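Here's a walk through a protein model, taken piece by piece. Keep the viewer open and follow along as we go.

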Amino acid sequence: MSARLFEDVALRDVPLTRPTGRLVGVTGMLLRASGCALPTGARCRVQQAGGTWLEAEVVGFGADATFLMPFKRPVGLVAGADVQPVNRRKRPRIGPQWLGRMINGLGEPIDGAGPLGGVHLLAAHPPTVDPLRKRPVREVLDVGVRAINGPLTLGRGQRVGLMAGSGVGKSVLLGMISRGTDADVVVVGLIGERGREVGEFVDEALGAAGRAKSVLIVAPADESPLMRVRATELAHVVAAHYRDHGQHVLLLVDSLTRYAMARREIALALGEPPATKGYPPSVFGGLPELVESAGNGTGAGSMSAIYTVLAEGDDQNDPVVDTARAILDGHIVLARTLAERGHFPAIDVARSVSRCASQICERAHLQRVRTLRAHMERYEAIRELIPLGGYVAGADPLTDQAVKLAPAIDAFLKQEIDECTRFDETAQRLRALLA
């Protein structure tokens, strides 16, 4: 009897009809279909020449058409092609087996190491946490980089922007952080980067030790804008999963700007009017929604996040840079002038800030950081005058002290790529420097 009941239930689940629409237009990456009323966010498939199917997502609709955005580059689309809904989307399962793996924005492995394993169903969207129930930032996040551990101390659950122009060492610094951090799991989202840089980051910046505890979600620049958006959101979903299972997670997203650009492409294709520097208003509404899914949850785990933000032309007033400064818990600025002098990592301490440092550091450490900043500011004010003979020792004792300490401060803030300095050691070296 139970077998017959099972058969009846199975038969009832079989759809008697499959609603099918027709492809009526293609404009760039935006597809228009008629005859299929699907909700936004629904998945569907579009028939291509040769009988293959292209997976797409509903991103909008008009009076007589449904707007679709494909996940991959369309090939061989024809007018009148079938558009069918995907009724049951298989959600991937996640577990410790994902560590060391590389996947795309759909949760599919792309490293050739076989299928992904896991026992827990992965959430469909980045989670939201009640702000009143979020655990506050109270512990130091050790990233192994002296210029951050010392004057820009980060906390577990903090979200920080890494602001820089092109070619000043963002990816190298992310690799140093991923290898040197004391986080249990590192989730890396490589969004909109050149395909060549993906392999270089994995092999050189991340290394074998860093990759062993990392999950990489990759969507290079040649992927569709929707895939880049979904890959960024998937990185947050994966990081939140490990956080909610009690682990300390560090999320690295390179870059937040490429995510904003992908959302801009989608919004403009849908006809949304551009606003600031070509970005539609919905982009600036979506950035806070994304980063608010990071941070601590209600359990014992933590989720820290570092987002690289590309400052085009080194413009720190770029709209995405300015928005990121407003919605994140601090920013680290990489200066081209320091990189040109061979100072790496090229962190401009004077223009950077960690808004959670006062919550996690001792008062004595904070006082030493203020003293360090004061010495650096005084030295920078007269640095260009020294070769010209414009500085005379003895006129100002504080300036004399700043000039005397400048070489030691410079050596303290510099660091080799394969060097790792723990937070306690960094604090001791800062104490000895200013003794």
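Start at T399, which sits in helix α12, spanning residues 397-413. This is a predicted model, by the way, so everything below is computed from predicted coordinates. With a relative accessibility of 11%, T399 counts as buried, because the cut-off for that label is anything under 20%. Setting aside neighbours within four places in sequence, T399 is in contact with R378, I382 and Y391.

Now jump to L162, which is 237 residues away from T399 along the chain, with 31 Å between the two C-alpha atoms. L162 belongs to strand β12, residues 159-164. At 1% relative accessibility, L162 counts as buried too. What does L162 touch, if residues up to four places away in sequence are not counted? The list is K170, L173, L174, I306, Y307, T308, V309, I332 and L334.

Strand β12 is part of an open sheet of 8 strands, so let's zoom out to that. Reading across, the order is β8-β14-β13-β15-β16-β12-β17-β18, and the pairing is mixed. The edges are β8 (102-103) and β18 (353-354); each has a single partner strand, so one side of each is left without a neighbour in the sheet. Further in, β15 (residues 248-254) and β16 (residues 302-310) run parallel, joined by 6 bridges. If you want one pair to click on there, L252 has I306 in β16 as its bridge partner. I306 is also one of the residues that L162 touches.

Two helices that pack on this sheet deserve a look. Helix α4 (residues 195-212) touches β8, β13 (185-191) and β14 (214-219), and its direction makes about 165 degrees with that of β14. Helix α6 (residues 256-269) touches β13, β15 and β16, and its direction makes about 75 degrees with that of β16.

Stay around α6 for some backbone details. In general, most residues other than glycine have a negative phi, and most peptide bonds are trans. Against that background, the bond joining D254 and S255 is cis, with omega about 15 degrees. S255 is placed in the loop between β15 and α6. On the other side of the helix comes K277, in the loop between α6 and α7 (281-291). K277 is not a glycine, yet its phi is positive, at about 50 degrees. Buried, exposed or partly exposed: how does K277 count? Its relative accessibility is 48%, so K277 counts as partly exposed. There's also a side-chain feature to check: R264 lies over the face of Y279, 4.3 Å from the ring centre.

A second cis peptide bond runs from F344 to P345, with omega near -5 degrees. P345 is in the loop between α9 (336-340) and β18, and β18 is one of the edge strands of the open sheet.

Next, the barrel. Here 6 strands close up in the order β1-β2-β5-β4-β3-β6, with antiparallel pairing. Ignoring direction, neighbouring strands of this sheet are turned by 45 degrees against each other on average. Strands β4 (residues 53-61) and β5 (residues 66-70) pair over 5 bridges in the antiparallel sense, and V58 stands opposite L68 in β5. Strand β1 (residues 21-27) runs antiparallel to β6 (residues 82-85), with 2 bridges joining them; the partner of R22 in β6 is D82. On its other side, β6 pairs with β3 (residues 43-47) over 3 bridges, antiparallel again.

In that pairing, R45 stands opposite Q84 in β6. R45 does something else as well: its charged end sits over the ring of W53, 4.0 Å from the ring centre.

Finally, how far can you trust all this? The protein averages a pLDDT of 89, and 95% of the residues score at least 70. Confidence is highest in helix α2 (residues 146-149), at 97, and lowest in helix α1 (residues 2-13), at a mean of 50. Over residues 1-9 the pLDDT is below 50, and this stretch has 0 contacts in the model beyond near neighbours in sequence. Where pLDDT is low, the predicted coordinates should not be read in detail.

Conventions: Residues are numbered from 1 along each chain as its sequence is written. This is a predicted model: local features need pLDDT of at least 70, side-chain atom pairs count only at pLDDT 80 or more; totals for chains, interfaces and linings use all residues. Side-chain values use heavy atoms; hydrogens and water are left out. Two strands pair if DSSP finds at least two bridges between them. Helices (H or I, at least four residues) and strands (E, at least two) are DSSP runs, numbered from the N terminus. Contact means heavy atoms within 4.5 Å. Axes are lines fitted to C-alpha atoms, for helices over the stretch in contact, and angles run from 0 to 180 degrees between N-to-C directions. A charge sits over a ring if NZ of Lys or CZ of Arg is within 6 Å of the ring centre and within 35 degrees of the ring normal. pLDDT is the predictor's confidence in each residue, from 0 to 100. Buried means under 20% relative accessible area, exposed over 50%, partly exposed in between (1.4 Å probe, protein chains only).
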